[in-house]
Amino acid sequence: RDRIEAILDGRVISVTSERKDPDGEWVQHSHSLITWDPTRQTAVVRGASRTGFTYEAVVESIVVDGQKATMVTRGEGTGADGSTFMARLTRVIDGDTMTRKFHDARSSNSEDDPDWVSDEVKWTRMK
């Protein structure tokens, strides 16, 4: 589950991702911050995961059509072991659902690409 909130007088979007551990308890898996980069004139996403993966991504495009919004980001990151990963990510928000899909992924350790690279993931808003 993701917890999203505006912080610092609305200048930053904070996203905390949580997953259930084997005991059924929710634990923080990753945290990211979305800010405006005045030099690049785009939004930037910076984050880190529980496993030591850190990343930065820039927003390439945002298209809004009614309730549907599509955002494409391009980013790169480094694992705790020094491995690198680059990809594009497409997020589509349509009403109460969000779908995520990675594209054009490249890894310095291509034999061990994470399973989630090729999977489309869909979330539904909790009410």
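How many aromatic pairs does the count come to? Two, in what is a predicted model. The close-ups below visit both pairs and some of their surroundings.

**View 1. Phe53 and Tyr55 make a stacked aromatic pair.** The ring centres sit 6.0 Å apart, with 25° between the planes. That angle earns the label "stacked" because the planes have to be under 30 degrees apart for it. Neither ring is hidden away: Phe53 is partly exposed at 22% relative accessible area, and Tyr55 is partly exposed too, at 26%.

**View 2. Phe85 and Phe102 meet edge-to-face.** Here the centre-to-centre distance is 6.3 Å and the planes are 70° apart. Phe85 belongs to strand 7, while Phe102 belongs to strand 8 (residues 97-107), so this pair ties together parts that lie 17 residues apart in sequence. Both phenylalanines are buried.

**View 3. The largest nonpolar core takes in five residues.** Zoom out from the previous pair and you'll find Phe85 and Phe102 joined here by Ala87, Leu89 and Val117. Strand 7 (residues 84-94) gives the most to this core, supplying three residues. For a closer look at one member, try Ala87: setting aside neighbours within four places in sequence, Ala87 is in contact with Thr73, Arg74 and Gly75, and also with Phe102, His103, Asp104 and Ala105.

**View 4. Nine strands line up in an open, antiparallel sheet.** The order is easy to remember: 1-2-3-4-5-6-7-8-9. Strand 1 (2-7) and strand 9 (121-124) are the edge strands, each pairing on one side only. From one strand to the next, the twist averages 25°.

**View 5. Strand 5 pairs with strand 6.** These two, covering residues 54-65 and residues 68-78, run antiparallel and share 11 bridges. One spot to pick out is Asp65, whose bridge partner in strand 6 is Lys68.

**View 6. Asp37 is a buried residue of strand 3.** That strand covers residues 26-37. The relative accessible area of Asp37 is 11%, and Asp37 counts as buried because the cut-off is under 20%. Not counting residues up to four places away in sequence, Asp37 touches Thr42, Val44 and Arg46.

Note on methods
Residues numbered from 1 in each chain as written. Predicted model: local features only at pLDDT ≥ 70, side-chain atom pairs only at ≥ 80, totals over all residues. Heavy atoms only, no water. Core = buried A, V, L, I, M, F, W, Y, C linked by side-chain atoms within 4.5 Å. Buried < 20%, exposed > 50% of the residue type's maximum accessible area, 1.4 Å probe, protein only. Helix = DSSP H or I, 4+ residues; strand = E, 2+ residues; numbered from the N terminus. Contact = heavy atoms within 4.5 Å. Phe/Tyr/Trp six-rings, centres within 6.5 Å; stacked < 30°, edge-to-face > 60°. Pairing = 2+ DSSP bridges. Axes fitted to C-alpha atoms, helices over the stretch in contact; angles between N-to-C directions.
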